[in-house]
Amino acid sequence: MQASSDTKKVPAPCPIGRAADVLGERWTLLILRNATLGTTRFDAFRAELGIADNILSNRLARLVEAGLLTRSPYRDGRRTRHEYRLTAAGAEALPILHALALWGERHTEPPRPVLPMRVVHRRCGQAVTPGQACDHCGETVRREDEAWVRPWVSPEPIPLAGPLAGPLEGGA
Ligand SMILES: [Zn+2]
């Protein structure tokens with residue numbers, strides 16, 4: 001029976017198509033970016049992204065439903081609010097964010113000249129190529145060793161948030 005226009009989509013056989021169904025929307029990717037940089041609370045996502053409440057609620061719910069974020073309550077004075085944290089699946093979007101950053105630097109222009117985003121090794125502070133050993137100190141750069149410098153926001157490196165402990169934790 002055909003319901004409303006909101007008919008459930010049939011998953012694509014192609015994994016790129018299926019990933020695009022989950023990730024292929026601007027706000028979804030930007031929420032994941034900020035969650036990767038440690039944002040957990042609704043108000044913080046809203047302030048950082050300049051996103052409308054209803055769109056933020058909708059995208060967070062979709063990310064929770066798709067298994068990329070978890071939603072858990074916390075106490076804010078006498079009120080109960082919720083925070084959102086990356087699951088292992090959400091954390092595994094990191095290479096996608098790296099690829100978007102690289103592509104964006106190469107093929108798009110910022111509105112005014114800015115220093116490029118840098119991925120740095122927290123221990124030595126040097127720029128690294130994601131997924132490779134640090135050229136400076138030779139150590140393997142794992143997620144927990146990685147920070148991003150976004151010079152248009154701050155010169156300070158921001159360490160990446162880890163995924164919630166789960167069965168996939170410690171995999172690499
Ligand atoms: Zn290093």
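What share of the 172 residues in the protein is buried? Hold on to that for a second while I say hello, everyone. One thing before we start: what you see above is a predicted model. And the reply to my opener is that buried residues make up 15% of the chain's 172.

Let's get our bearings. The protein has six helices and five strands. If you walk along from the N terminus, the elements come in the order α-α-α-α-β-β-α-α-β-β-β. As for dimensions, the C-alpha trace spans about 60 × 45 × 40 Å along its principal axes.

The domain assignment splits out two parts: domain 1 covers 15–89, and domain 2 covers 109–159. Between the C-alpha centres of domain 1 and domain 2 there are 23 Å. Here is one more overall number for you. Take the contacts between residues at least 6 apart in sequence; 48% of them join residues at least 24 apart.

Now, let's look inside. Which residues make up the largest nonpolar core? There are 12 residues in all: Ile31, Leu32, Ala35, Phe45, Leu60, Leu63, Leu68, Leu69, Tyr84, Leu86, Ala91 and Ala93. Three elements give two or more residues to this core, namely helix 2 (26–36), helix 4 (53–65) and strand 2 (79–86). Helix 2 gives the most, with three residues.

If you'd like one residue to click on, try Leu69, which belongs to that core. Setting aside neighbours within four places in sequence, Leu69 is in contact with Ala35, Leu60, Leu63, Val64, Tyr84, Arg85, Leu86, Thr87 and Gly90. There is also a second, separate core of six residues, and Val119, Val128, Ala147 and Leu160 are among them.

Let's go back to helix 2 and helix 4, and see how they meet. Their axes are 10 Å apart, and the two helices pack at an angle of about 75°. That angle makes helix 2 roughly perpendicular to helix 4.

Who makes the contact? On the helix 2 side, look for Trp27, Thr28 and Ile31. On the helix 4 side, look for Ile55, Arg59, Leu60, Arg62 and Leu63. Sorted by class, this contact has five nonpolar, one polar and two charged residues. Notice that Ile31, Leu60 and Leu63 turn up here, and that they also sit in the largest nonpolar core.

So that's the tour: two assigned domains, a largest core of 12 residues, and a second core of six. Thanks for listening, and do have a look around the model yourselves!

Technical notes. Residues are numbered from 1 along each chain as its sequence is written. This is a predicted model: local features need pLDDT of at least 70, side-chain atom pairs count only at pLDDT 80 or more; totals for chains, interfaces and linings use all residues. A nonpolar core is a set of buried Ala, Val, Leu, Ile, Met, Phe, Trp, Tyr and Cys residues joined through C-beta atoms within 7 Å. A residue is buried if 20 or more other C-beta atoms lie within 10 Å of its own, exposed if 12 or fewer, and partly exposed in between; C-beta atoms are placed from the backbone. Helices (H or I, at least four residues) and strands (E, at least two) are DSSP runs, numbered from the N terminus. Two residues are in contact if their C-beta atoms, placed from the backbone, lie within 7 Å. Axes are lines fitted to C-alpha atoms, for helices over the stretch in contact, and angles run from 0 to 180 degrees between N-to-C directions. Angles under 35 degrees count as roughly parallel, over 145 as roughly antiparallel, 65 to 115 as roughly perpendicular and the rest as oblique. Ala, Val, Leu, Ile, Met, Phe, Trp, Tyr, Cys and Pro count as nonpolar, Asp, Glu, Lys and Arg as charged, and the others, Gly among them, as polar. Domain bounds come from an automatic or database domain assignment.
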